[in-house]
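Welcome! Take a moment to turn the model around on your screen, and then let us walk through it together.

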Amino acid sequence: MLASINPLGERARRSRWWLTTMAYVIGSTAGGALLGAVARAVGSLTLSGLHDPARAVSIATACVVASCLDLAHRRVQLPSWHRQVNEDWLHRYRGWVYGLGFGFQLGLGVVTIVTTAAVYAVVVLAALVGSVSGGLVVGSVFGLARATPLLGLAGVRRPEQLRAMHRRLAAAAAPMRMATSSLLVMAGVGAW
């Protein structure tokens, strides 16, 4: 996604990067909110008899299992769709339209390729929170977090800056996986 929506690409498509990005952030947050609300609704139907201690154990377990799966990412293949957002939209629609559409799909988390078990942990957390508004918050924060890396491209004005940014992102992948796993473990411990 970062390879597609950047100031250079938007300028070449005669779109405004800030508008496309704003639409992307809104779409991603809305997609995450929908994910959280649906997960909570399903959770309220299927997990209604779960008492607080069992809920806390379930949250802790989901976080720790997701962390372990992410740390073993090369040995464990997560269940996932094998689809991405439709890149034809980049040339078919205005920037704000594909920004909103791409963001929404990626904010949903599970309708494109899933590369981290943290996505599934978010679904479980949203299902287990105590209210639909809690599910909305969990999902919205997830969607917003999925969109924030795009903001790092704001200063890109030349192709070499874009290549440097991609190198930094690639170099940050392993440390970010470790940070995400650590946050999952802390959330699990906090729930316990």
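A good place to begin is with how much of the chain is hidden: buried residues account for 40% of the 192 residues in the protein chain. Please keep in mind that this is a predicted model. The surface that the protein chain exposes comes to about 10600 Å², and 67% of that is supplied by carbon and sulfur atoms.

What is the chain built from? It has eight helices and zero strands, so the order of elements from the N terminus reads α-α-α-α-α-α-α-α. The radius of gyration of the protein chain is 18 Å, close to the 16 Å that the globule rule gives for 192 residues, so the chain is as compact as a globular protein of that length. If you draw a box along the principal axes, the C-alpha atoms fill roughly 55 × 30 × 25 Å.

Contacts tell you how the chain folds back on itself. Of the contacts between residues at least 6 apart in sequence, 78% join residues at least 24 apart. As for charge, the protein chain carries 18 positive and 6 negative charges, and the mean positions of these two groups are 4 Å apart.

Now let us visit some helices, beginning with α5, which covers residues 95-108. At 1.5 Å a residue, the 14 residues of α5 should span 20 Å, and its end C-alpha atoms are indeed 20 Å apart. Helix α5 is mostly covered, with 10 of its 14 residues buried. Among them are the glycines G95, G99, G101, G103 and G107, along with Y98 and F102. What do the buried residues of α5 pack against? Their partners are α1, α2, α4 (89-92) and α7.

One residue of α5 to pick out is L106. L106 has a relative accessible area of 10%, and because buried means under 20%, L106 counts as buried. Its C-alpha atom is 29 Å from that of S48, a residue 58 places away along the chain. Just after α5 comes G109, which has a positive phi, near 80°.

Follow the chain onward to α6, which covers residues 118-128. This helix is mostly covered too: eight of its 11 residues are buried. The buried set is A118, V119, A121, V122, L125, A126, A127 and L128. Is V119 buried or exposed? At 1% relative accessibility, V119 counts as buried. Setting aside neighbours within four places in sequence, V119 is in contact with G109, V110, V114, F142 and R146. You can also find S67 from here: it is 52 residues from V119 along the chain, and their C-alpha atoms are separated by 11 Å.

Between α6 and α7 there is a loop, and G130 is found in it. In contrast to V119, which is buried, G130 is exposed, with a relative accessible area of 67%. The C-alpha atoms of G130 and T112 are separated by 28 Å, with their positions 18 residues apart along the chain.

That brings us to helix α7, residues 132-147. Its 16 residues reach 22 Å from the first C-alpha to the last, close to the 22 Å expected at 1.5 Å a residue. The buried residues here are G134, G135, G139, F142, G143 and A147. F142 also appears among the contacts of V119. The cover over the buried residues of α7 includes α2 (17-46), α5 and α6.

Two arginines in loops round off the tour. R14 sits in the loop between α1 (7-12) and α2. Although R14 is not a glycine, it has a positive phi of about 60°. R14 counts as exposed, at 80% relative accessibility.

The other arginine, R83, has its place in the loop between α3 (52-71) and α4. With a relative accessible area of 30%, R83 is partly exposed. Which residues does R83 touch, not counting those up to four places away in sequence? They are Q105, V111, T112 and I113. Q105 is also one of the buried residues of α5. Finally, R83 and M165 are 82 residues apart along the chain, and their C-alpha atoms are separated by 25 Å.

Definitions and conventions: Residues are numbered from 1 along each chain as its sequence is written. This is a predicted model: local features need pLDDT of at least 70, side-chain atom pairs count only at pLDDT 80 or more; totals for chains, interfaces and linings use all residues. Side-chain values use heavy atoms; hydrogens and water are left out. Helices (H or I, at least four residues) and strands (E, at least two) are DSSP runs, numbered from the N terminus. The radius of gyration is taken over C-alpha atoms; the globule rule is 2.2 Å times the number of residues to the power 0.38. Buried means under 20% relative accessible area, exposed over 50%, partly exposed in between (1.4 Å probe, protein chains only). Contact means heavy atoms within 4.5 Å. Accessible areas come from the Shrake-Rupley method with a 1.4 Å probe; for residues, only the protein chains shown count as cover. Lys and Arg count as positive and Asp and Glu as negative; His and the chain ends are not counted. The place of a charge is taken as NZ of Lys, CZ of Arg, CG of Asp or CD of Glu. The expected span of a helix is 1.5 Å times one less than its number of residues.
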